[in-house]
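Please find below my notes on the structure, set out as numbered points so that each can be checked against the coordinates.

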Amino acid sequence: MIDNLIQILESFGFPVMRQGSLPQNQKYPATFITYWNNDEYGQAYYDNTTASVIYDFAVNVYSTVPNTAYSTLDSIRIALLQNGWIITDRGFDVASDEITHIGRGLETQYMQMLE
């Protein structure tokens, strides 16, 4: 599922990275997208076998331009929904380590049926 999520996020043309993976000595890009795998858990069980898995991710957009953070996150939400991801919120503020950047985030899940 991570490959599918990254592919969708990369389609917006901004750098995509795992949350917290930017080296300390590297400058923040003007706008970038991060993801974090919150959890993966079985959803249904039959005959002692996991039948489906829920993948739970946080997706964040950081930008020096507040409107870019908001509009990009809105577009990501729509793209994820169009690709079968479940979105339970419309977005929220996330802290940034740099005073020049604001952050917006959302939580998303994907349910995969296993064979």
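1. Where is Ser21 found? Ser21 sits in the loop that joins strand S1 (16–18) to S2, in what is, it should be said at the outset, a predicted model. Ser21 is partly exposed, its relative accessible area being 42%. Two distances help to place Ser21: its C-alpha atom lies 27 Å from that of Gln112, at a sequence separation of 91 residues, and 14 Å from that of Ala58, at a separation of 37 residues.

2. As to the overall architecture, the protein chain contains two helices and six strands, and these follow one another along the sequence as α-β-β-β-α-β-β-β. The C-alpha trace spans about 55 × 30 × 20 Å along its principal axes. Of the 115 residues in the protein chain, 38% count as buried, while the exposed area comes to about 6900 Å², with carbon and sulfur atoms supplying 48% of it. Among contacts with a sequence separation of 6 or more, 57% are made by residues 24 or more positions apart.

3. Helix H2 (residues 66–82) passes a simple geometric check, because its 17 residues, at 1.5 Å a residue, should span 24 Å, and its end C-alpha atoms are 25 Å apart, which agrees. The buried residues of H2 are Ala69, Thr72, Leu73, Ile76, Arg77, Ala79 and Leu80, and they pack against helix H1 (2–10), strand S2 (31–46), strand S3 (49–63), strand S4 (86–87) and S6. After H2 comes Gly84, which has a positive phi near 90°.

4. One polar residue in H2 may be worth inspecting by eye, namely Thr72. With a relative accessible area of 8%, Thr72 falls under the 20% limit and is therefore buried. Beyond residues up to four places away in sequence, Thr72 touches Phe14, Ile33 and Val61.

5. The largest nonpolar core has 19 residues, and those with the most contacts inside it are Leu5, Leu9, Val59, Ile76 and Leu80. The elements H1, S2, S3 and H2 each give two or more residues to this core. Apart from it lies another core, of six residues, including Leu22, Phe32, Tyr62 and Val94. Returning to Leu5, its contacts, when neighbours within four places in sequence are left aside, are Tyr35, Phe57, Val59, Leu80 and Trp85.

6. Two residues of strand S3 can be considered together, Ala58 and Ser63. Ala58 is buried at a relative accessible area of 9%, and, residues up to four places away in sequence not being counted, it touches Thr34, Tyr35, Trp36, Asn38, Leu106 and Glu107. Ser63 is likewise buried, with a relative accessible area of 1%, and its contacts, apart from neighbours within four places in sequence, are Ala30, Thr31, Thr68, Ala69, Thr100, His101 and Ile102. The C-alpha atom of Ser63 is separated by 15 Å from that of Gly91, which is 28 residues away along the chain.

7. Which side chains meet in a salt bridge? The structure holds one salt bridge, in which the side chains of Arg104 and Asp93 come together at 3.0 Å, N to O. Since Arg104 lies in strand S6 and Asp93 in strand S5 (residues 92–94), the pair ties together parts that are eleven residues apart in sequence. The two partners have opposite surroundings by solvent accessibility: Arg104 counts as buried at 11% relative accessibility, whereas Asp93 is exposed, with a relative accessible area of 56%.

8. Finally, the surface carries a nonpolar patch of about 290 Å², which is made by Ile86, Met111 and Met113. Met113 has its place in strand S6 (residues 102–113), and at a relative accessible area of 56% Met113 is exposed.

How values were computed: Residues numbered from 1 in each chain as written. Predicted model: local features only at pLDDT ≥ 70, side-chain atom pairs only at ≥ 80, totals over all residues. Heavy atoms only, no water. Patch = residues over 30% accessible without salt bridge, like charges linked within 9 Å, V, L, I, M, F, W, Y side chains within 5 Å. Areas by Shrake-Rupley, 256 points an atom, 1.4 Å probe, with all protein chains shown as cover. Salt bridge = Lys/Arg side-chain N within 4 Å of Asp/Glu carboxyl O. Helix = DSSP H or I, 4+ residues; strand = E, 2+ residues; numbered from the N terminus. Buried < 20%, exposed > 50% of the residue type's maximum accessible area, 1.4 Å probe, protein only. Expected span 1.5 Å × (residues − 1). Contact = heavy atoms within 4.5 Å. Core = buried A, V, L, I, M, F, W, Y, C linked by side-chain atoms within 4.5 Å.
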